[in-house]
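Me: Please take a close look at one helix of this chain, the partners against which it packs and the surroundings of one residue within it. A formal, connected account would be appreciated, with the cut-offs stated for each term.

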Amino acid sequence: SKDKELTDVEDSKVNWHSLGWPAAKRIQLSSDISKTNSEKGVDEVILREQRDAILLLQRSLAYLIPKVTEDYFPVLGDWCKQTTEAVELFRSYHNIQNEKGVVDAKIWDKLADEVKKKDEKEAKKKEDRLKDQLNRQQEKLQRKEHRNFESSETYKNMMDACQVNLGAVSAAGKTTVSTADTATSKGKASTAETTTSNGTA
C-alpha cells in the first residue's frame with residue numbers, strides 16, 4: 001500500500017547515525033531527574049546533555065515503536081507524560097527488569113541494539129527491493145527480446161511465403177507462354193499443310 005511505502009521511505013532516512021547514536025551520552029533519565037535538574041537550575045551544559053539524551057530517546061522510540069511517531073511528543077527534548085508511556089511500552093515489550101519509568105544502562109543498551117537491528121533489516125529490505133527491481137527489468141528486457149525475435153521470425157516467414165508465391169506465379173507464367181507457343185506452332189503447321197494440299201490439287 002501507499003502508506004506502507006511512505007513509512008518505508010521515511011524509515012530509510014532514519015538510522016543509527018541520523019538519530020545521533022555515535023555521539024550519544026547515555027545518561028540516566030526519568031521524569032523526576034528531568035524535573036529536579038530544571039528546578040535546581042543546574043549548569044547549562046548538563047541541561048543541554050539532558051535535552052540531547054531525551055531527544056535521542058524519543059526519536060529512537062519513535063523509530064522502533066510502530067504506533068509512536070515523533071509528533072507523539074509535544075516537545076522533542078523535553079521529558080513528558082508521553083515519554084514515560086513510550087519508555088514503558090518499550091520496557092514491557094522487551095521484558096526489561098529495571099526501575100519503572102527510569103532510563104538506565106539496561107534501557108540504553110537494548111535501545112541501541114534494537115536500532116542497529118532495525119537498520120540491518122531496513123538495509124536488507126532495500127537490497128531486496130533493488131534485486132526485485134533488477135529482476136523485473138531483466139524480465140521486461142527478455143520479453144522485449146522475445147517479441148522482437150517473434151516479429152523477426154514472422155517477417156522471415158512472410159518473406160519466404162512471398163518468394164514461394166512469386167515462384168509459383170513465375171512458373172505459371174512460363175507454362176502459359178509455353179502453351180501459347182505450342183498452339184502457335186500447331187497453327188502454323190496446319191496452315192502449311194493446307195497450303196501444300198491446295199497446291200497439289
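Reply: The account below begins with the chain as a whole, turns to the helix and its two packing partners, and ends with the residues around it.

The model is predicted, so local features are described only where pLDDT is at least 70 and side-chain atom pairs only at pLDDT 80 or more, while totals for chains, interfaces and linings use all residues. Residues are numbered from 1 along each chain as its sequence is written, and side-chain values rest on heavy atoms, with hydrogens and water left out.

The chain contains six helices and two strands; these are DSSP runs numbered from the N terminus, with helices (H or I) of at least four residues and strands (E) of at least two. Along the sequence they follow the pattern α-α-β-α-α-α-β-α. Of the 201 residues in the chain, 25% are buried, where buried means under 20% relative accessible area, exposed means over 50%, and partly exposed lies in between (1.4 Å probe, protein chains only). Among contacts with a separation of 6 or more, 58% join residues 24 or more positions apart; a contact means heavy atoms within 4.5 Å.

The helix chosen for the close look is α4, which spans residues 44-64. Two packed helices are described by the angle between their axes and the distance between the axes. Here the axes are lines fitted to C-alpha atoms over the stretch in contact, and angles between N-to-C directions run from 0 to 180 degrees.

The partner considered at the outset is α3 (residues 31-40), whose axis lies 11 Å from that of α4 at an angle of about 150°. That angle makes α3 roughly antiparallel to α4; angles over 145 degrees count as roughly antiparallel, under 35 as roughly parallel, 65 to 115 as roughly perpendicular and the rest as oblique. The crossing of α3 and α4 is left-handed, a term used when the near helix is turned anticlockwise from the far one by less than a right angle, with right-handed used if clockwise. From α3 the contact draws on Ile33, Ser34, Asn37 and Ser38, and from α4 on Leu47, Gln50 and Ile54. By class, this contact of α3 with α4 has three nonpolar, four polar and no charged residues. In that classification Ala, Val, Leu, Ile, Met, Phe, Trp, Tyr, Cys and Pro are nonpolar, Asp, Glu, Lys and Arg are charged, and the others, Gly among them, are polar.

The other partner is α5, and the axes of α4 and α5 come within 10 Å and cross at roughly 50°. The two helices are therefore oblique to each other, and the crossing of α4 and α5 is left-handed. Leu57, Gln58, Leu61 and Leu64 of α4 meet Thr83, Ala86, Val87 and Phe90 of α5. The residues of this contact divide into six nonpolar, two polar and no charged.

Within α4 lies serine 60, which is buried with a relative accessible area of 0%. Apart from neighbours within four places in sequence, serine 60 touches Leu19, Trp21, Leu111 and Val115. Serine 60 and tryptophan 16 are 44 residues apart in sequence, and their C-alpha atoms are 8.8 Å apart in space.

Tryptophan 16 leads to the aromatic residues, as Trp16, Trp21 and Trp108 form one aromatic cluster. Rings of Phe, Tyr and Trp (its six-membered ring) pair if their centres lie within 6.5 Å, and planes under 30 degrees apart count as stacked, over 60 as edge-to-face and the rest as tilted. By this rule there are three aromatic pairs. One of them joins tryptophan 21 and tryptophan 108, whose ring centres are 5.8 Å apart with planes at 80°, so the pair is edge-to-face. Tryptophan 21 belongs to the loop between α2 (16-19) and β1 (29-30) and tryptophan 108 to helix α6 (residues 105-200), so this pair ties together parts that are 87 residues apart in sequence. Tryptophan 21 is buried at a relative accessible area of 3%, and tryptophan 108 is buried at 1%.

Returning to α5, this helix covers residues 81-93 and includes arginine 91. Arginine 91 is buried, with a relative accessible area of 16%. Not counting residues up to four places away in sequence, arginine 91 is in contact with Ile96, Asn98, Lys100 and Ile107.
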